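Colleague: I'd like a close look at just one spot in this model, please. Take it slowly, as I'm new to this.

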Amino acid sequence: MTLREKLMWTAVAVVGAISFAVVALTRGEPVNAAWLVVASVCIYFIAYRFYALFIVTQAYGVDARRVTPAYRHNDGLDYVPTNRYVLFGHHFAAIAGAGPLVGPVLAAQMGYLPGTLWILAGVVFAGAVQDATVLFLSVRRDGKSLGEMIRSEMGPVAGGVAGIGVLLICVIVLAVLALVVVNALKGSPWGAFTVFCTLPIALIMGVYSRFVRPGRIGEMSAIGVALLVMALIYGRTVSETPALAAWFNLSGPDLALIIIGYGFVASVLPVWLVLAPRDYLSTFLKVGTILLLAIGIVVVRPELQMPALTKFVDGSGPVWAGSLFPFLFITIACGSVSGWHALIASGTTPKMIENENHIRFIGYGGMLMESFVAIMAMIAASVIHPGVYFAMNSSAGLIGVDPAHAAEVISGWGFAVTPDVLTQVAHDVGESSILSRTGAAPTLAVGMASILSSFLGGPALAGIWYHFAILFEALFILTTVDAGTRVCRFMIQDLVGNVVPAFKATESWTNNVIGSALSCALWGYFLYQGVIDPLGGIWTMWPLFGTANQMLAAIALILCTVVLFKMKRERFAWVTIVPTLWLVLCTVTAGLEKVASPDMRVGFVSHALRFGDAAAAGRIVAPAKTLSEMGRIVFNDYVDAALAALFTAIVVSMVVYGFIEARKALRNARSTTVEIGGAAVAAQ
Amino acid sequence: MSDALFSRVRFACEMVAKTACLMVGVPDYETYVAHRRMNHPGLPVMTYEEFFRERQEARYAVGKGRFRGCC
């Protein structure tokens, strides 16, 4: 390092430390979001320059002269050596989704500080390490998938256990994301109209790019965006015309059934008709909106209204149940570490890497970018009035359905707010009510509307920006629902196909219809249960989703650790062992508490026992209204408890397998892992 | 605008367009054609339309381990 570089990095560290001190130590007065942005960016740069460099050069020992799968199997299609900036865009678009936007918003109930700390620490030491390591392993194994690598490095049983884990996470992800859409659109004619319009728009785009001008992605996307903007603007008219609004003013259960039906139909239609065009539109909209929000935050530099810490760090919060440890680390999910990324880092990206030296930029850097999205979501949730935040994220069972009552309850929690403020915010964004819009998307939309409208359009456009934000989230969540149903179907076919071989034929239309119906039934069950849950669904479902996602991350990191041992690089294995231990600790504690905690707000079994006992005595406990509702609550509690127990069992068994494999590798004096390529191939 | 600046801007625009296409699973067509010509001379090369359809199907062919973004 030259003297100039040393001075520069010292300056980055000092600026970062000062900003961080302002963020962490200011109490009582609002902090400007700019400090948070500067602190995060400095941390990302330092982590990327020093820790990530250490990991790739020392722990992995990347070799710039080694031939990558992109060259070895170059076919101009799947395997193509690709410019690293282009590939970074591809990888980021594949990993970015609803997770980093929703998790931080929910975590804001404890104040912005605990969540921010975990987003930053988690990404540097766990999330980005996982993404980069899985990418590295896959590059060295011809772009093999996570499942294949677990099978070949840790044995078929471990592979099977991980496979069940992936199927479960897929089901829970689909249910919880669909629930976010349902909660955002129920009783919102403007939102529902705009989102429904995406279906005919996608059909038009699909037909255009298939028959009119085949393959013209730019043109079809421009048409799609133009139609989308028209739908967005016309949505206001729909919501203000009672005759039209009645058509789109839908209840939660209705919306849930529509989405389940949609998921089934869309997943059996040809991909070019609906899925692909909407996927293109949602990808561009997603990346564009993230950039726009980043610009908005830098230009507007809003003040954070939410305190650094709220009294809900003790676990008594209304948004989700549970204390800071382990539930905060479960709630944030994808913004700091996401198991799902391990599937993507071992998917298409490793087949296009030009040089092993690019792994740091694409794997580690891509995840840092994702983490920055989470920081922006945290800012968006913290710039709105805390009273409004809690009004939007607490279930009707807690705050009621009347603004006056809600304001009284929330003021009682110490976040002084008047009923007028609550109705005014709803009016500003063109909605009839903002109470109990749980699921984070509406909260994020209010935050984004307040940031974006202060530099583009002013308060008059707040309604448009709010519904734009809802549209952008709903669009890519529905694309995920469609694509995810196919993934789920494939896994079910694979699993059932072991017993009934004929079911494995994925080209068969009958098999696809049956498979799609099965997978829709699976996630649809959890979705519907969440929608009719009197506690608001997110309360119950999000911790399950978070546990599943962190569980998958723990599995991926266990694989990484095992392979480092097999490579005889156990000296450096702590880079993956430390985050593995932390994630195992969090998921196992959370899993056990969800099953067995005596606090019925947290533990499913104690909740079920309380309702079961009351039902046996013929009493009805709120929020249930009938004895059959009581029975349903008890049944759902046991299903959820079984899931949480299963997640815990999967993590524990993977730890055992990982330990056995690592010890085997340690006893062997030579490298026991099978890598493809290397010196021999390079010499040819 | 000087020629050097102009070509630089054009290069940047091309890169953005390539990134956008790869984001939705369509790699560079020119690269594909060049690859086929160089390594498989005499064998058929897909037209852009065929190439686009092949890539579109492949993006959602889950069986080949193509998981899509979720979170």
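Which residues in helix 4 of chain A meet which residues in helix 16 of chain A?

Modeller: Before we zoom in, remember that this is a predicted model: local features need pLDDT (the predictor's confidence in each residue, from 0 to 100) of at least 70, side-chain atom pairs count only at pLDDT 80 or more, and totals for chains, interfaces and linings use all residues. Residues are numbered from 1 along each chain as its sequence is written, while chains are lettered from A and ligands numbered from 1 in the order in which they are written. The predictor's scores for the complex are an ipTM of 0.94 and a pTM of 0.95.

Now, your spot. Helix 4 of chain A brings A:R84, A:L87, A:F88, A:H91, A:F92 and A:I95, and helix 16 of chain A meets them with A:F361, A:I362, A:G365, A:G366, A:M369 and A:E370. Contact here means C-beta atoms, placed from the backbone, within 7 Å, and a helix is a DSSP run of H or I, at least four residues. Sorted by class, this contact has 7 nonpolar, 3 polar and 2 charged residues. Nonpolar covers Ala, Val, Leu, Ile, Met, Phe, Trp, Tyr, Cys and Pro; charged covers Asp, Glu, Lys and Arg; the others, Gly among them, are polar.

How do the two helices lie? Helix 4 (residues 84–95) and helix 16 (residues 359–382) of chain A have axes that come within 9 Å and cross at roughly 50°. Axes are lines fitted to C-alpha atoms over the stretch in contact, with angles from 0 to 180 degrees between N-to-C directions. Helix 4 and helix 16 of chain A are therefore oblique to each other: under 35 degrees would be roughly parallel, over 145 roughly antiparallel, 65 to 115 roughly perpendicular, and the rest is oblique. Their crossing is right-handed, meaning the near helix is turned clockwise from the far one by less than a right angle (anticlockwise would be left-handed).

Methods: Contact = placed C-beta atoms within 7 Å.
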